[in-house]
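Work through the following exercises with the sequence and the coordinates at hand. Each task is followed by a stepwise solution.

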Amino acid sequence: MKINWGTGIVIAFGLFMTFILYFVFEVQSNSKYDNDLVVEEYYKHDTHFQEEMARIQNAHDLQHKPSIKYTDNGVAVTFPAGFESNKVKGNILLYRPSNKKFDFNTQIALTNSELIIPQKKLIKGRWDVNMEWQYEGKKYLTKEVIYVN
């Protein structure tokens, strides 16, 4: 049997489509490949975008801003000395982009204008830190990216 160029092209397309479909089904059926959305309720989260931007701007406008840094002890959140520790309220979300199973929230409870999130709660790699907080009735949002070694 002789295969001409038209038949060869059809066979090549068929093999290529089979190859692509195999990988699509493999990724969708295997739990090793996690393909969830970044946020569970994406559209609901998007409706509050303007409020979020206002809180980010409030934090940006501060003369003395809180700092979020990785240290040997863990993640250190330090507020400037001018802030009264008992008036700062809020929470800190540590978000792991690669795996949502490691995400966790921590309430802000300052000791001497500082909060330490222990090293044992963190695994190596990238962490997105979202700190939502209030001080004297005004809302703020601080976002940082840290890398744990």
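**Exercise 1.** Determine how many bridges join strand S3 to S4, and place both strands in their sheet.

*Solution.* Step 1: S3 (residues 88–95) and S4 run antiparallel and are joined by four bridges; strands are DSSP runs of E, at least two residues, numbered from the N terminus, and two strands pair if DSSP finds at least two bridges between them. Step 2: within this pair, Leu94 stands opposite Phe104 in S4. Step 3: the open sheet has four strands in the order S4-S3-S6-S7, with antiparallel pairing. Step 4: strand S4 (104–107) and strand S7 (138–148) are the edges, each pairing on one side only.

The model is predicted: local features need pLDDT of at least 70, side-chain atom pairs count only at pLDDT 80 or more, and totals for chains, interfaces and linings use all residues. Residues are numbered from 1 along each chain as its sequence is written, and side-chain values use heavy atoms, with hydrogens and water left out.

**Exercise 2.** Identify the residues that touch the most other members of the largest nonpolar core.

*Solution.* Step 1: a nonpolar core is a set of buried (under 20% relative accessible area, 1.4 Å probe, protein chains only) Ala, Val, Leu, Ile, Met, Phe, Trp, Tyr and Cys residues joined through side-chain atoms within 4.5 Å. Step 2: the largest such core has 24 residues, of which Ile92, Leu94 and Trp133 touch the most other members. Step 3: S6 gives the largest share, five residues. Step 4: leaving aside neighbours within four places in sequence, Ile92 is in contact (heavy atoms within 4.5 Å) with residues including Val77, Phe104, Leu115 and Val129.

Methods
Buried means under 20% relative accessible area, exposed over 50%, partly exposed in between (1.4 Å probe, protein chains only).
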